[in-house]
Each structure stands twice: as C-alpha cells, then as structure tokens.
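The following exercises introduce a protein structure step by step. Each task is followed by a worked solution, and the reader is invited to attempt the task before reading on.

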Amino acid sequence: MGQDKPGAVVLLSGGLDSMVSAGIARERGFAINALTINYNQRHLVELAAARRIAAALDAARHIILPLDLSLFGGSALTDAIDVPKTGVGDEIPVTYVPARNTIFLSLALGWAEACGAHDIFLGVNALDYSGYPDCRPEFVEKFQELADLATKAGVEGKRFTIHSPLLHMTKADIALEAERLGLDAGQSWSCYDPAPGGLHCGLCDSCRLRRKGYEEAGIPDPTTYAAAP
C-alpha cells in the first residue's frame, strides 16, 4: 500500500467492468491491491489483461491466486459445456459459475483483513448483464453484513466497505466512464470464448453486451471481434 494512501483490495478479472472499478478506486485516492483469481477459466487470456491493467493503474500489489474451479465444473467457463452464442436470454445462462462472486469476495475479504485494508471494490453491475444472481444489489448488501460478522476486524468495530461503483450503470455508462477516467479499454478482455488470433468471438453474451455498450455510448469500440451477431 502507498505510504500516503489508504489501501483497497480490488477484484481485477481483466474485464472492462473490473478495469473501470479499479480506475474509480484509484480516483478516490486508494492504493490498489489487485486480486485476480486464476480459476482455470476457459478465457485464461483475461489474466494477461489483468496484468496489463494492474501495471497501468500503478497497483501497489497484484496477486494472481490459483483456485481451480474446473474441479467443481458446473459452468461453461469451467467445464466441457458450449458457451452460448445465440444472444442474451432471460434465464441465468450456463456461463454462470456457481457462487463465483461469493468465493471471490471472500478471498478479497481475507486479504483485506490480513493487510489492514477496509475497502473492497468489485465491478458487478445489475443493468446490462447476463442475469447472474451474484451481481444484484441484494447480494452486495448481504455480503457487506457478512464481512462485518465474519471477521475479527468487523467484530472489533473496524468495519469493511464493499464498493460496487458500477452496480447501477449500463454498459454504455461503463464505456463512457472508462473514457472519462482516461483508461485504455483496449487493454481489457471480455470474451468468454476467445477466437483464434487473440480476437473476441463477438457472439457470446459478454461480447454482445460490450459491443452494445459502445454502440449506445456512441464512442469507438477498441475491441476486435471475430464475428458480428
């Protein structure tokens, strides 16, 4: 952590949302302790994006923590299940990783308590998203309660704050926020099923939402897609 700045643990997947969340943490005066989880996800390329972003934001520390969730399976991101390419539906898609944000926030909470930080940032949003239950305001609120109940620091009155600054933003809002913060969104990675040549596939839910966000924001999309929907 920086000598003159309070530290915050920032969950940094390498995606656009986590990049903007980290940029907001920096703007608010926090020294960034970036936590990236290598859960043996299909799109491991996002780990390289997380490294780029952590470096660009002058993270005080960047931990890439191995946690092989493919041993559990149950998701198109961690198991031999095809990633849907037909469009964003109304049901929770098979790209949902069971309890992923609960697991990741618990790890972030553990590091925060260990290093004396009391602020945790994550880039969930509940408007333009795939309908994951652990991206909703109710989830963030309940984890906030858990953080104070489940830790020595919380019991002693040193409460944690779970920051989800993108929670009520659309993807267009997020794209514009990246530009306002001066972030190079081209460094981020969103695609669930990378195409040959290091391209975003253009058809998975995440690619569709990213493309839609830039179209609605009316600013150039720095992403190269292998296909158009």
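A residue is called buried when its relative accessible area is under 20%, exposed when that area is over 50%, and partly exposed in between. The model to which these terms are applied here is a predicted one.

**Exercise 1. Classify Lys5, Asn40 and Asp58 as buried, partly exposed or exposed, and locate each along the chain.**

Solution.

Step 1. Lys5 belongs to the segment before strand 1. Its relative accessibility is 45%, so Lys5 is partly exposed.

Step 2. Asn40 is situated in the loop between strand 2 and helix 2 (45-56). With a relative accessibility of 34%, Asn40 is partly exposed.

Step 3. Asp58 occupies the loop between helix 2 and strand 3 (61-66). Because its relative accessibility is 63%, Asp58 counts as exposed.

Step 4. The backbone of the two loop residues may be added. Asn40 has a positive phi, near 60°, although it is a residue other than glycine. Asp58, likewise a residue other than glycine, has a positive phi near 55°. As a general background, most residues other than glycine have a negative phi.

**Exercise 2. State which residues Lys5 contacts beyond its sequence neighbours, and give its C-alpha separation from Arg28.**

Solution.

Step 1. Residues within four places in sequence are set aside; Lys5 is then in contact with Gly29, Phe30 and Ala31.

Step 2. Arg28 is 23 residues from Lys5 in sequence, and the two C-alpha atoms are 9.9 Å apart.

**Exercise 3. Describe the largest nonpolar core and identify the elements that build it.**

Solution.

Step 1. The largest nonpolar core contains 39 residues, and Val9, Leu105 and Ile120 have the most contacts inside it.

Step 2. Two or more residues each come from strand 1 (7-11), strand 2 (31-38), helix 3 (100-115) and helix 4 (137-149). Helix 3 contributes the most, namely six residues.

Step 3. Leu105 may be examined in detail. Residues up to four places away in sequence not being counted, Leu105 touches Leu11, Ile120, Leu122, Phe139, Phe143 and Ile162.

Step 4. Another core, of 29 residues, lies apart from this one; Ala34, Phe121, Met169 and Ala217 are among its members. In general, nonpolar side chains tend to be buried together in soluble globular proteins.

**Exercise 4. Determine whether Leu11 is buried or exposed, and list its contacts.**

Solution.

Step 1. Leu11 is part of strand 1. Its relative accessibility is 11%, and Leu11 therefore counts as buried.

Step 2. Apart from neighbours within four places in sequence, the contacts of Leu11 are Ser18, Leu35, Phe104, Leu105, Ala108, Phe121 and Leu122.

Step 3. His62 stands 51 residues from Leu11 along the chain, with 10.0 Å between their C-alpha atoms.

**Exercise 5. Characterise the packing of helix 3 against helix 4.**

Solution.

Step 1. The two helices pack at an angle of about 35°, and their axes are 11 Å apart. The crossing of helix 3 over helix 4 is right-handed.

Step 2. From helix 3, Asn101, Thr102, Leu105, Ser106 and Leu109 meet Phe139, Phe143 and Ala147 of helix 4. The residues of this contact comprise five nonpolar, three polar and no charged.

**Exercise 6. Helix 6 packs with helix 1 and with helix 7. Find the orientation and the residues of each contact.**

Solution.

Step 1. Helix 1 (residues 16-27) and helix 6 (residues 171-180) make an angle of about 45°, with axes 10 Å apart. They are therefore oblique to each other, and helix 1 passes helix 6 in a left-handed crossing.

Step 2. Helix 1 supplies Leu16, Asp17, Val20, Ile24 and Glu27, and helix 6 supplies Lys171, Ile174, Glu177, Ala178 and Arg180. This contact divides into five nonpolar, no polar and five charged residues.

Step 3. For helix 6 and helix 7 the angle is about 70° and the axes are 7 Å apart. These helices are therefore roughly perpendicular to each other.

Step 4. Here Lys171, Ala172, Ala175 and Leu176 of helix 6 meet Leu209, Gly213, Tyr214, Glu216 and Ala217 of helix 7. The division is six nonpolar, one polar and two charged.

Step 5. The buried residues of helix 6 are Lys171, Ala172, Ile174, Ala175, Glu177 and Ala178; what covers them includes helix 1 and helix 7 (205-217). After helix 6 comes Gly182, with a positive phi near 75°.

Definitions and conventions:
Residues numbered from 1 in each chain as written. Predicted model: local features only at pLDDT ≥ 70, side-chain atom pairs only at ≥ 80, totals over all residues. Heavy atoms only, no water. Core = buried A, V, L, I, M, F, W, Y, C linked by side-chain atoms within 4.5 Å. Buried < 20%, exposed > 50% of the residue type's maximum accessible area, 1.4 Å probe, protein only. Helix = DSSP H or I, 4+ residues; strand = E, 2+ residues; numbered from the N terminus. Contact = heavy atoms within 4.5 Å. Axes fitted to C-alpha atoms, helices over the stretch in contact; angles between N-to-C directions. Parallel < 35°, antiparallel > 145°, perpendicular 65-115°, else oblique. Left-handed = near helix turned anticlockwise from the far one by under 90°. Nonpolar A, V, L, I, M, F, W, Y, C, P; charged D, E, K, R; others polar.
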